[in-house]
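The following exercises are to be worked with the sequence and the coordinates at hand. Each task is followed by a solution in steps.

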Amino acid sequence: MKKILVFVLALLTAATVFAGGANESTASVSTDGSTSMESVILSLAEVYEENTGIPVTYNPTGSGSGITAVEEGRADIGLSSRALKAEETAGGLTGTTLALDGIAIIVNNSNPVSDLSVEQIAALYTGEITSWKEVGGNDQPVVLIGREAGSGTRDGFESITETEDLCLYSQELTSTGAVISAVASNPNAIGYASLSSVSDQVKALTVGGVVASEETVLSGEYVVQRPFVLVTKTGEKLSDEAQDFFNWATSSEANEIIADAGAVPVAE
């Protein structure tokens, strides 16, 4: 099915791939940024390379670093799991939404709590609530796990819960996987992670009674969500290979691949 979806893409890029002979074998597309976008970007990269022979590299440095990499010319396409800020667009960057992603609120599988409101989540992270007993759990202290400054996931979480610069983190970790592992290993921990990355290692809570899913993210019912964004320089031409990958990834032809990777495609 995937090869069928990208048949047209393969035809369009055939001339680019093969016309230059051996010299073209070194062509590639470089991406840099959000660790939350790993599943999506690697799935897209795999199918693209299968059908064009052109590799797409991925450097999982975090959203802020990915944005900087594009600014400094170290990557063709940046990956940001948050919308670009006004100063970033004013500084010459363009953000194109590839997909939407729910930010799952996760706890240890042994935690009896199954639902929290946005207000309760904020109260937990700001220290207003310090024991799980206050939200229907065990009489144990809450351990707050979050992402490092500059993370798109952290930016999205703190914006939605209105806790920017107020969170009292026990640990600030540098990847989605590290957050999931920390919560999985501590029965009193709570964290947040890209819905597309959550596995049965942890339990994803409902928020205000709403399950995080493709349908509830797309409808807006699940409110803890953010965009997955491709970042480029405004008005600056990408290489032929990077432009071709960008065009395909943001088209409806890539929707099934994005959905299979756990995110919600937006192309029509």
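**Exercise 1.** In this predicted model, locate Ser34 and determine whether Ser34 is buried or exposed.

*Solution.* Step 1: Ser34 belongs to the loop that lies between β1 (29-33) and α3. Step 2: the relative accessible area of Ser34 is 1%. Step 3: buried means under 20%, so Ser34 is buried. Step 4: the residues touched by Ser34, leaving aside those up to four places away in sequence, are Tyr58, Gly62, Ser63, Leu79, Ser80 and Ser81. Step 5: with Ser81 there is also a side-chain polar contact of 3.2 Å.

**Exercise 2.** Compare the expected span of α3 with the distance between its end C-alpha atoms.

*Solution.* Step 1: α3 has 15 residues. Step 2: the expected span is 1.5 Å times one less than the number of residues, so α3 should span 21 Å. Step 3: the end C-alpha atoms of α3 are 21 Å apart, in agreement with that value. Step 4: just after α3, Gly53 has a positive phi of about 80°.

**Exercise 3.** Describe how α3 packs against α10.

*Solution.* Step 1: the axes of α3 (residues 38-52) and α10 (residues 240-249) are 11 Å apart, at an angle of about 115°. Step 2: the crossing is right-handed. Step 3: α3 contributes Ile41, Leu44, Ala45, Val47 and Tyr48 to the contact, and α10 contributes Glu241, Asp244, Phe245, Trp248 and Ala249. Step 4: by class, this contact has 8 nonpolar, no polar and 2 charged residues. Step 5: the buried residues of α3 include Ile41, Leu44, Ala45, Val47 and Tyr48.

Technical notes. Residues numbered from 1 in each chain as written. Predicted model: local features only at pLDDT ≥ 70, side-chain atom pairs only at ≥ 80, totals over all residues. Heavy atoms only, no water. Axes fitted to C-alpha atoms, helices over the stretch in contact; angles between N-to-C directions. Helix = DSSP H or I, 4+ residues; strand = E, 2+ residues; numbered from the N terminus. Left-handed = near helix turned anticlockwise from the far one by under 90°. Contact = heavy atoms within 4.5 Å. Nonpolar A, V, L, I, M, F, W, Y, C, P; charged D, E, K, R; others polar. Buried < 20%, exposed > 50% of the residue type's maximum accessible area, 1.4 Å probe, protein only. Polar contact = N/O pair within 3.5 Å; in protein donor to acceptor, adjacent residues only side chain to side chain.
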